[in-house]
Amino acid sequence: MTYKQLTADQLLKIKGLGELKASGYQSKSVKQELRDNLIEKLKKKEPTFEGIWGYEDTVIPDIQRAILSMHNMNLLGLRGQAKTRIARQMTDLLDEYVPIIKGSELNDDPLAPLSRYGIDQVAEHGDQTEISWLHRSERYAEKLATPDVSIADLIGDVDPIKAASLKLPYSDERVIHYGLVPRSHRCIFVINELPDLQARIQVALFNILQEGDIQIRGFKLRLPLDIQFVFTANPEDYTNRGSIVTPLKDRIDSQIITHYPKSRDIGKQITVQEANIKAPQKEIVVVNELAQDLIEQVAIEARDSEYVDEKSGVSARLTISAYENLISSAERRALMNGESQTYIRVSDFIGVIPAITGKVELVYEGEQEGAGIVAHNLVGKAIRTLFSDYFPKPDDKNKEQKENPYQAITEWFGEGYTLDLINDLSNEDYEKALQAVPGLSDLVKKHHKKLSSHEQLFLMEFVLHGLAEYSKLSKSALDTGTRFKDLLSSMFSMPDFGEFDEDDDE
């Protein structure tokens with residue numbers, strides 16, 4: 001049996017260097033490991049980055065090419081595009097266990113020790129050198145690049161306390177306290193938001209990337225480190241907060257550009273997968289397909305909005321948080337009304353506003369409008385965009401359309417009737433309120449016969465919001481809900497601002 005055929009349990013029983021040699025173990029670089037294991041997966045047609053949706057034909061093939069080329073890589077993309085998640089999943093392509101010299105700070109390979117400690121252990125004990133095993137989950141290190149990161153953090157420095165306690169002179173390399181990079185020997189090392197790293201710190205990475213070694217203070221030591229580097233960066237950082245210095249960019253072998261989901265369906269997959277919906281919420285709240293589509297459409301509208309800074313992007317975290325808030329809005333209503341089960345309503349989307357306002361960077365015009373108004377407008381635009389997928393456009397001048405399908409609804413409001421939809425209505429009162437509008441139920445049944453009763457109610461409310469977005473009805477916010485009324489009557493009933501003062505008149 002060869003070393004490669006040994007199971008994890010058999011490997012963990014090997015405790016000494018002599019046994020390890022007898023097993024047929026050979027040293028292999030971390031990049032070679034990634035390459036070999038990727039080749040195996042590709043041959044077996046196994047997925048390489050599970051749970052990463054929408055990148056199957058774009059980003060993932062680029063990453064696979066970079067791994068096959070044994071490249072260090074930079075994942076470049078706007079926020080919320082799964083860059084860090086991809087980097088963390090690369091550990092799945094490492095061997096399950098690798099041997100290290102027991103007690104080594106730098107994960108020394110027993111056949112090619114790197115540190116003074118490792119070299120001394122092998123020289124002293126030979127084949128009796130103790131080894132231990134490092135699981136692939138422990139072979140990942142990550143550092144967020146912040147302005148306060150120092151050379152000592154990344155590379156290392158002389159430790160005077162260690163020198164004093166061990167009674168060693170500063171000329172002895174055993175007084176060195178190694179930083180994150182040397183401690184990531186034989187590992188994957190990720191630096192997030194690379195442009196935020198000060199230029200002088202970026203310079204310290206030149207030798208590591210090109211020659212694979214480091215220098216600490218005045219020590220004449222060369223550590224040929226074996227590291228798979230993965231960097232992440234945001235395009236806006238090149239001009240706003242910082243930049244990647246040109247020689248460093250030149251040394252990063254592959255730059256892979258990420259992107260947002262290219263379809264609403266992919267966005268839904270990501271949102272449902274990542275949203276933290278509790279088991280009790282799943283029992284109480286029933287979600288329909290259109291509600292999920294609306295959540296995704298809000299993000300799409302935000303990415304195209306003139307009020308939102310497109311350079312900053314709209315993270316997938318917006319839809320995830322919005323979906324969680326939507327479920328919680330319905331759950332809260334059900335708990336207040338003592339109901340064991342409830343269904344998502346359009347009025348529950350009032351709960352997604354806080355998830356939007358904190359996650360979009362507004363341009364000057366957006367700041368003038370206000371984050372809350374922009375968020376409400378985005379929800380309104382999402383409703384308008386999806387409305388034509390379910391019902392005829394209210395302003396469609398199609399000659400084949402002999403009569404206005406919304407005539408009964410608009411005429412009822414035109415007669416002076418109003419509808420107040422309170423956010424926390426019970427299921428029964430909510431149905432009564434919608435059924436009171438003539439023609440609303442018939443319209444939904446005509447276009448969507450096979451839907452369940454709660455889906456029909458959702459579409460009935462959706463019609464009212466859609467007509468308001470197409471300026472066929474007036475929609476105004478109440479403290480506790482939404483009021484629908486005739487558009488013309490709302491225009492003529494302007495608020496009373498009182499009499500002008502004589503001074504103002506003059």
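How many nonpolar, polar and charged residues does the lining of the largest pocket have? I looked this up and recorded ten nonpolar, seven polar and 14 charged residues. I counted Ala, Val, Leu, Ile, Met, Phe, Trp, Tyr, Cys and Pro as nonpolar, Asp, Glu, Lys and Arg as charged, and the others, Gly among them, as polar.

**Basis of the entries**

I worked on a predicted model, in which local features need pLDDT of at least 70 and side-chain atom pairs count only at pLDDT 80 or more, whereas totals for chains, interfaces and linings use all residues. I numbered residues from 1 along each chain as its sequence is written, and side-chain values use heavy atoms, with hydrogens and water left out.

**Entry: the largest pocket**

I noted a volume of about 810 Å³ for the largest pocket. I took a pocket as an open set of points on a 1 Å grid over the protein atoms alone, with protein on both sides within 12 Å along at least five of seven lines; a cavity is a set of points where a 1.4 Å probe fits but cannot get out, and lining residues have an atom within 4 Å of a point. Grid points are joined across faces, edges and corners, and a volume is the space filled by probe spheres set on the points.

The lining of the largest pocket comprises 31 residues, of which K4, N37, L94, D95 and E96 are the closest to its centre. I then asked which elements give two or more residues to this lining, and found α1 (8-12), α3 (30-44) and β2 (97-101). The largest share, six residues, comes from α3. Helices (H or I, at least four residues) and strands (E, at least two) are DSSP runs, numbered from the N terminus.

**Entry: the cavity**

I found one cavity of 30 Å³ or more. The largest cavity has a volume of about 90 Å³. Its lining includes P261, S263, R264, G267 and I270, together with E296, A299 and R303. At least two lining residues come from each of α13 (264-274), α15 (289-304) and α16 (316-337). By class, I recorded five nonpolar, four polar and three charged residues in the lining of the largest cavity.

**Entry: aromatic pairs**

I listed ten aromatic pairs in the structure. Rings of Phe, Tyr and Trp (its six-membered ring) pair if their centres lie within 6.5 Å, with planes under 30 degrees apart counted as stacked, over 60 as edge-to-face and the rest as tilted. The ring centres of Y3 and Y25 are 5.2 Å apart and the planes stand at 65 degrees, so I entered this pair as edge-to-face. Y3 lies in the segment before α1 and Y25 in the loop between α2 (17-22) and α3, so the pair ties together parts 22 residues apart in sequence. Y3 and Y25 are both buried; buried means under 20% relative accessible area, exposed over 50%, and partly exposed in between (1.4 Å probe, protein chains only).

I entered F387 and F462 as a tilted pair, with 5.7 Å centre to centre and 40 degrees between the planes. F387 belongs to helix α19 (residues 371-390) and F462 to helix α23 (residues 453-469), and the pair links these distant parts of the chain, 75 residues apart. F387 and F462 are each buried. Ring pairs also link F387, Y390, F391, Y406, F462 and Y470 into a cluster.

**Entry: charges over rings**

I applied the rule that a charge sits over a ring if NZ of Lys or CZ of Arg is within 6 Å of the ring centre and within 35 degrees of the ring normal. The charged end of R251 sits over the ring of F206, 4.6 Å from its centre. R345 lies over the face of Y430, at 4.0 Å from the ring centre.

**Entry: salt bridges**

I obtained 20 salt bridges from a search of the whole structure, each a side-chain nitrogen of Lys or Arg within 4 Å of a carboxyl oxygen of Asp or Glu. E274 and R85 form one of them, at 2.3 Å from N to O. This pair links distant parts of the chain, since E274 is in helix α13 and R85 in helix α5 (residues 83-89), 189 residues apart. E274 is partly exposed, at 31% relative accessible area, and R85 is partly exposed at 32%.

Which side chains meet K268 in a salt bridge? I found D265, at 3.7 Å from N to O, and E289, at 2.4 Å. E289 lies in helix α15 and K268 in helix α13, so this pair ties together parts 21 residues apart in sequence. D265 and K268 both lie in helix α13, three residues apart, about one turn of the helix. K268 counts as buried at 9% relative accessibility, whereas E289 counts as partly exposed at 46%. Salt bridges link R264, D265, K268, E289, D293 and D389 in a network.
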